[in-house]
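Trainee: I should like to request a close look at a single part of this structure. Please treat the matter in one connected account.

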Amino acid sequence: MGLREDSVWNEILSSCVDMASSNAQDVVRQLDMAGVEYMEGLAQFQDTGETDTLVVTKEDGHMHKVFADKILLATGSKPYQPPEIPFDGRRIFDSDSINGMNFLPKSIAITGSGIISIEYAKILRNLGAEVTLIIRDQVPRNALMKIGLDKDVAAVLVAALIRSGITIIKGAQVKEFTVPSVEDEKNGIRPPVKLKLEAKGGGKLPTGVADELKCDVYMAAVGRAPNTQSLNLPDSIVMDEYG
């Protein structure tokens, strides 16, 4: 159609934002129609340790107390960010921040073997990017089975990924990142992100597997962490190591 690549990408981002906003507004309308009181703000338990009262702080700073016999915590999650990955929201992304990526990459490397990493791999491959999936497990099908997929479905899915032109590096992990600075990106030229690879748990990769990978952007999709830190949870609610 003669459109520039950045115009197409901006149109995609704009459409996604409009769709998300429309969906959110529709949910609020449905709650209202069902007679559900909807309050937007930050909810926390009181310092007293009681589990029947929440304090909701709205954006304007006003605080409201909400009393209930039962309280259901359904606060969602955010991507887990391993400390060794230099997330910057510019070239190194998690599975949320990548939605704000301001250009369509020509190549992307994705760490992760779950549904989210596969979804983004397929999306970006369909948009024309070269996609490399880096998986710690030696058998991609087994990695998918660990998250609950039927073994036959998992095998077909892996075969479909390969058939679509997605490269899968098995039994590997990223040990070192070299990320170009903003100053390095001049005249619209983006030097690549360089990833040093090693075998799962450290050590050398198998013969024939390159230990360096270059890409426009990198994304980690290595699990999610629950949004429980800001709830001021009372001692009676016991959290496990994952929150």
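Trainee: Is Arg90 buried, partly exposed or exposed, and what is its relative accessible area? Please describe the salt bridges around this residue closely.

Mentor: The model is a predicted one, and what follows should be read with that in mind. Arg90 is partly exposed, its relative accessible area being 24%. That value falls between the cut-offs of 20% and 50%, which is why the residue counts as neither buried nor exposed.

The side chain of Arg90 takes part in a salt bridge with that of Asp88, with an N to O distance of 3.9 Å. This distance lies within the 4 Å cut-off, so the pair qualifies as a salt bridge. Asp88 is itself partly exposed, at 34% relative accessibility.

Arg90 also forms a salt bridge with Glu185, and here the closest N and O atoms are 2.7 Å apart. This pair links distant parts of the chain, since 95 residues separate the two partners. Arg90 belongs to the loop between strand S4 (77-79) and strand S5 (92-94), whereas Glu185 belongs to the loop between strand S9 (172-178) and strand S10 (193-199). Glu185, with a relative accessibility of 25%, is likewise classed as partly exposed.

Strand S10 appears again in another pair: Lys196 forms a salt bridge with Glu212, the closest N and O atoms being 4.0 Å apart. Lys196 lies in strand S10 and Glu212 in strand S11 (residues 212-215), so this salt bridge ties together parts that are 16 residues apart in sequence. Glu212 is partly exposed at 34% relative accessible area, and Lys196 is partly exposed at 30%.

Returning to Arg90, one finds that salt bridges with shared partners join Asp88, Arg90, Arg91 and Glu185 into one network. A search of the whole structure gives seven salt bridges.

The charged pairs may be set beside the lining of an internal space. The structure holds one cavity of 30 Å³ or more, and the volume of the largest cavity is about 50 Å³. Its lining comprises eight nonpolar residues, one polar residue and no charged residues. Among the lining residues are Ser113, Leu133, Ile135, Pro140, Leu144, Val158 and Leu161. Strand S7 (130-135), helix H3 (140-146) and helix H4 (151-163) are the elements that each give two or more residues to this lining.

Conventions
Residues numbered from 1 in each chain as written. Predicted model: local features only at pLDDT ≥ 70, side-chain atom pairs only at ≥ 80, totals over all residues. Heavy atoms only, no water. 1 Å grid on protein atoms, 1.4 Å probe; cavity = no way out; pocket = protein on both sides within 12 Å on 5 of 7 lines; lining within 4 Å. Points joined across faces, edges and corners; volume = space filled by probe spheres on them. Helix = DSSP H or I, 4+ residues; strand = E, 2+ residues; numbered from the N terminus. Nonpolar A, V, L, I, M, F, W, Y, C, P; charged D, E, K, R; others polar. Buried < 20%, exposed > 50% of the residue type's maximum accessible area, 1.4 Å probe, protein only.
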